[in-house]
Structure formats: C-alpha cells, structure tokens
Amino acid sequence: MSKRIFSGIFFVALAVLIIGISFTAGILHDYYSSQFAVGLMNEAHAIGSAVEQIGKEYLSDDISDKYQNRITLIGADGKVIFDSSADPAEMENHSDRKEFAEALSDGEGTDERTSATLAEKTVYAAVKLRDGSVLRIASTRLSALSIILAMAQPLCFLLVIVLILSGVFASMISKKIVKPINEIDLEKPSKTGIYQELYPLVDKIESQKIELDERMRELQREHDSQDKLRREFTANVSHELKTPLTSISGFAEIIRDGIVKEQDVKRFAGNIYDETGRLITLVGDIIKLSELDEGADNAQREPIDLYEISESVIGHLQSTAAKSDVSITLSGESAVINGSRQILDEMIYNLCDNAIKYNKPGGFVKVNISKKGFLATLSVEDNGIGIPEEDKERVFERFYRVNKSHSKEIGGTGLGLSIVKHSAAFHNAKIELDSLLGKGTTIKIIFPTADSK
C-alpha cells in the first residue's frame, strides 16, 4: 500500500511539474510574440517616417549598421526597390505577400512564416508610406520549442531537484499515511489514533473477530460434544460386546470342563448360539451406523415406492408381531422418493421392530404412507409403553435405552433409532416424535418426493 501511495504522489508531482513547465513556456511564448510584434511594428513606423522626411536616401548601404533587422522597400506594384540584405533586382515580386497586401489596404500589415528550421520564425511588419510604397521590416524570433530548448539546462536541474524532493516527501507522506493502518491491533481493534475513514474497516474487523471467536467456541463445543459421544460410544460398545462374550465364555468353559450334565449341553449350546447372534446383530448395526456416518457414499439412489417397501418389511415382521400378540397393518397410498433401498428397508424395519418390542399383548402397530405436495410421510404408530417426556430428546442416541431392565428382557442393541436418525439424514428427511407414557408412540419420517427439486 505504501508503495502505491509513494508512486501515486511521485508521479502526480512529476506530471504537475511537466504540465507547469509546458504551461509556463506557452505563456512566455505568447507574451514574447505579442511584444516582439509590437516592437517590430513601432520600428517599421519609425523608419517609414524617416524615409518620408529624408527620402529614399535614408536607406543607404550603411542602413544595416544602424538596424539589425532586415529592411525592404516595396513599390505599389510589388516590385522590390530596396533590401538591406539582398539585391532588389534578383528578388521576386512581393504583391502576393500577406503583409504587403494588408499594408496597401489598411495602412499596416503583419505576417509570420516558419523558417527552414522549426526553431525559428520570421515576423514581418509593413507600413504604407505617403507615396504608396510599402516599408517592411523582417526579423526572426524564437519558437516555443526553442524557448524550452534554451531553458533546457536550468529545467533539467530543476527537474532533478523536484524529483528528489518528490521522492523524499512522497516516502515520508506514504509512511505517515500507512502507519495508523499498520498499527491497528487485530486482536483488540480500536478507533483511537486512526483516520475516520477507517472506522468502517475497524468495525468490520471487530465484527469479524467476534464472529470468529464465537465460531471457534462453537467448534470447541462441537469437538467436546463429539469427544464425549465418542467416549460414550466406546464405553457402550465395550459393555455391549463384553456381556455376550462373557456369557459365551462361561458356557463354553462349563462344557469344556465337563461340569454340565449331558441333557443340559443342548441348552447351553443354544445359549451360546443366542449370544453369538446377539453379537452378530450388534456388530452389523455398528457397521451400518459407521457407513451412515461416512455418508453411505456407495449407496445407490433410485426411485422407491414407500408403500411398496413398507409392505415388504411388514410381511417379514408378521410372524414376530404374532409371537408378541401384536397386530401390524399398513394403510395409505403410493409415494415415490429418491433413496437407497437397503437403507430405507433397514429404517422401516427398525421403526416397526421397536414398535413391536416395546408394545403390550393385544397391542397394535399401524404403518401409514401419505403424500402431500412434494412431501411423502411414513408414519409408524403403536399403543405400547410410550416414552417419558424427559427421554424424548435422547431416544435417538446410540445405545440409549429408556427402560434398561425391559430392554434387557426383549433384547436389541440400542442402536435401532440411531440408525433411523442417520438414515433420515441420508435422505434429507425430517423426524417427528409424539409419545405419551403408557399410551403409545408415533414416529413420522417426512421425505421430499422424487419429483421435488
């Protein structure tokens, strides 16, 4: 910035100097020209008066010693009678000369003609005498270019001085201008000691600093929250894995040591099988969550009818519902969305499976598909045990169980609703939860339809 200010001041000073010199030279040239023409005309009148009084004898051969300018006497017909610098006999007729024609008609005339070099111009002043002849005086004067050239040496000296002074002052001024800007404290911006024009900049810096500090605090909170979730997740996974592994190890040890009776071996093997299945389900759910956390990049999206896929899932859960003495039904209409069949299947399965598990004998699970505008809604309603008000915010957390003792009885990994939450996020869907303790629960997933933008 200081370099730009320096170059700006420096080149402005240089431009002003050049313009000033040119303007001064022009004024001097005009003044010099006007004064030169007036003096030449006065001299023509003086010599003309002397010729009229004394006669043509005044224009003797030594006239050039008296006057430095060229003197010419021209007859009324344009023929040269006398010339102080040339032989009149060899000179051409001057009737076509501007100054001669003006003198004949107006009594006096002037003209200016450029010489062979551009540095000089010849000025002519002519007066008409009483006998009709014309006395003309010619003299050369400097042009504007020649004036500048004549002043070249002092001008060059002046230019060097001005350039040095411009450089020094431009450097000092640029540093002085930039200093308050460089001294702005970005950590604690203040308007003290800075230009008023910089107030908006300081306000913006301060505002951005506040926003940045708030964003950093927010990121720190998110980091702390994620770190807490990670620790909780690690602890929960360890606990969930340890419980079935302990059971499997215990049963296997009893069988290995031959402590168990022959008739109980089958029962113990069944327990080992059940615990192994629980482990497989847990690991599978963890893998699904991990894939959803990473965005499920490999999942293929396609148009899927929510009614059709719900019908398929409910068909697989009919026997499970019958064992729990719970009825499960589907109603509504066709609604097509863009999504992953595998993820949607898992989502609907977990919603319906939870509604069956946390129900009561003789209860129901009602699945409904509806469509309104560019939104499709999947609703799963049950009249089971419900969710306490204080637990509604946490039921979608990993491994969170509302009733741990009841959850242990019915099984499950505690990851079902967490998978539902991540699956909804994958499909840009919104989750709505409505539940009353002892009355039942309704969970709605609202999707954008396939024809929405």
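1. Let's start with how the chain folds back on itself. Among contacts (heavy atoms within 4.5 Å) between residues at least 6 apart in sequence, 61% join residues at least 24 apart. The protein chain holds 11 helices and 12 strands; these are DSSP runs, H or I of at least four residues for helices and E of at least two for strands, numbered from the N terminus.

2. A word on what you are looking at: this is a predicted model, where local features need pLDDT of at least 70 and side-chain atom pairs count only at pLDDT 80 or more, while totals for chains, interfaces and linings use all residues. Residues are numbered from 1 along each chain as its sequence is written, and side-chain values use heavy atoms, with hydrogens and water left out.

3. Next, confidence. The average pLDDT (the predictor's confidence in each residue, from 0 to 100) is 79 for the protein chain, and 77% of the residues score at least 70. Among the elements, strand E7 (residues 327–332) has the highest mean, 94, and helix H10 (residues 404–410) the lowest, 49. Where pLDDT is low, the predicted coordinates should not be read in detail.

4. Now look inside. Of the 453 residues, 34% count as buried, meaning under 20% relative accessible area, with exposed over 50% and partly exposed in between (1.4 Å probe, protein chains only). The largest nonpolar core (buried Ala, Val, Leu, Ile, Met, Phe, Trp, Tyr and Cys residues joined through side-chain atoms within 4.5 Å) has 34 residues, and Leu 351, Val 365, Leu 378, Ile 445 and Phe 447 touch the most other members. Elements giving two or more residues to this core include helix H8 (306–323), helix H9 (341–357) and strand E9 (364–372). H9 gives the most, with seven residues. A second, separate core of 19 residues includes Phe 36, Tyr 58, Ile 63 and Phe 82.

5. Ser 379 is worth a visit in strand E10. Ser 379 counts as buried because its relative accessibility is 11%. Beyond its neighbours within four places in sequence, its contacts are Lys 366, Val 367, Asn 368, Thr 442, Ile 443 and Lys 444.

6. Finally, the outside. The accessible surface of the protein chain (Shrake-Rupley method, 1.4 Å probe; for residues, only the protein chains shown count as cover) comes to about 27,600 Å², and 56% of it belongs to carbon and sulfur atoms. Met 172, in helix H5 (residues 152–182), is one of the residues of a nonpolar surface patch with about 910 Å² of accessible area together. Patch residues have over 30% relative accessible area and no salt bridge (a side-chain nitrogen of Lys or Arg within 4 Å of a carboxyl oxygen of Asp or Glu); like charges are joined within 9 Å, and nonpolar side chains (Val, Leu, Ile, Met, Phe, Trp, Tyr) within 5 Å.
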